[in-house]
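Biologist: I would like a close look at a single part of this model, taken slowly and with its surroundings included. Please put the structure up before we begin.

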Amino acid sequence: MEAVTHNLTGVVIQILCFKYLMAPYSYIFTMLFAFLSHFLIDALSKITYHTPEPRTEDKFWVIWHIIILLFSILSFGIFILEFWLGMLFANLIDIWDWVIIRNIQNYKKKKNSDSKWCAHCYFHPVADAVRNKLFFFLPNLNYRRIGIIPEIFLISCLSFFIAFLLI
Ligand SMILES: [Zn+2]
């Protein structure tokens, strides 16, 4: 899923943990649940428009990604000061896999194209396994434009829930 969805999930988890638990459990469970939420949310991405490769020649793909990027930046801006812990751990697997490991791998491959460095360091295969085990019955909408609807629905639900919890 997109960063905004992970951000809002992390915010919800942190609000609930800090509402019902005392320190240090509020911190520990925020980190744990936010980290685990990534697997569930990414497994659900099966029913969202999520082409594995960028489609920069497709206008719909470009506009959707500009909108979703703006919402991701907006959610960072609004919640980062108060809910950085939940947001960090909700995005940790993407940061680890796509920012750290993939960039180091690309760097190593430039030096040695046969490099197999840390080929099994990725967390996303676990999300794939969760998807295959729990959500095998869901339709795959990764290449279907209608897949933006479930993501918009989820983002809206999370936003309303956060507003409800904070107001
Ligand atoms: Zn992910």
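Is His-6 buried or exposed, and how many other C-beta atoms lie within 10 Å? Please describe the helix that holds this residue as well, together with what that helix packs against.

Modeller: A word of caution comes before the answer, since what is shown here is a predicted model. His-6 is found in helix H1, and it is buried because 25 other C-beta atoms lie within 10 Å, where 20 or more are needed. If neighbours within four places in sequence are set aside, the residues in contact with His-6 are Met-1, His-38, Ile-41, Ala-90 and Asn-91. One of these partners, His-38, stands 32 residues away from His-6 in sequence, while the C-alpha atoms of the two are 6.8 Å apart in space.

The helix itself can be followed through the nonpolar core. The largest nonpolar core has 18 residues, and those that touch the most other members are Leu-8, Val-11, Val-12, Ile-13, Ala-34, Ile-155 and Leu-158. Two or more residues of this core come from each of helix H1 (3-20), helix H2 (25-44), helix H3 (59-111) and helix H5 (148-166). H1 makes the greatest contribution to this core, giving seven residues. Val-11 shows how such a residue is surrounded, for it touches Phe-79, Phe-83, Gly-86, Met-87 and Ile-162, when residues up to four places away in sequence are not counted. There is also a second, separate core, made of six residues, and among them are Met-1, Ala-43, Leu-44 and Ala-127. Met-1, a member of that second core, is also one of the contacts of His-6.

The packing of H1 against two other helices completes this part of the picture. H1 and H5 pack with their axes 10 Å apart and at an angle of about 30°, and the two helices are therefore roughly parallel to each other. Their crossing is left-handed. On the H1 side the contact is made by Val-4, Thr-5, Leu-8, Thr-9, Val-11, Val-12 and Ile-15, and on the H5 side by Glu-151, Leu-154, Ile-155, Leu-158, Ser-159, Phe-161, Ile-162 and Leu-165. By character, the residues of this contact divide into eleven nonpolar, three polar and one charged. H1 also packs against H3, here at an angle of about 35° and with the axes 7 Å apart. The crossing of H1 and H3 is again left-handed, and the residues of that contact comprise 14 nonpolar, nine polar and no charged.

Two further residues help to place His-6 in context. Ser-45 lies in the loop between H2 and H3, and it counts as buried because 22 C-beta neighbours are found inside 10 Å. Leaving aside neighbours within four places in sequence, Ser-45 is in contact with Met-1 and His-50, and Met-1 is likewise in contact with His-6. The C-alpha atoms of Ser-45 and Lys-133 are separated by 14 Å, with these positions 88 residues apart along the chain. Ile-100, by contrast, lies in helix H3 and counts as exposed, because it has 12 C-beta neighbours inside 10 Å.

Note on methods
Residues are numbered from 1 along each chain as its sequence is written. This is a predicted model: local features need pLDDT of at least 70, side-chain atom pairs count only at pLDDT 80 or more; totals for chains, interfaces and linings use all residues. A nonpolar core is a set of buried Ala, Val, Leu, Ile, Met, Phe, Trp, Tyr and Cys residues joined through C-beta atoms within 7 Å. Helices (H or I, at least four residues) and strands (E, at least two) are DSSP runs, numbered from the N terminus. Two residues are in contact if their C-beta atoms, placed from the backbone, lie within 7 Å. Axes are lines fitted to C-alpha atoms, for helices over the stretch in contact, and angles run from 0 to 180 degrees between N-to-C directions. Angles under 35 degrees count as roughly parallel, over 145 as roughly antiparallel, 65 to 115 as roughly perpendicular and the rest as oblique. A crossing is left-handed if the near helix is turned anticlockwise from the far one by less than a right angle, and right-handed if clockwise. Ala, Val, Leu, Ile, Met, Phe, Trp, Tyr, Cys and Pro count as nonpolar, Asp, Glu, Lys and Arg as charged, and the others, Gly among them, as polar.
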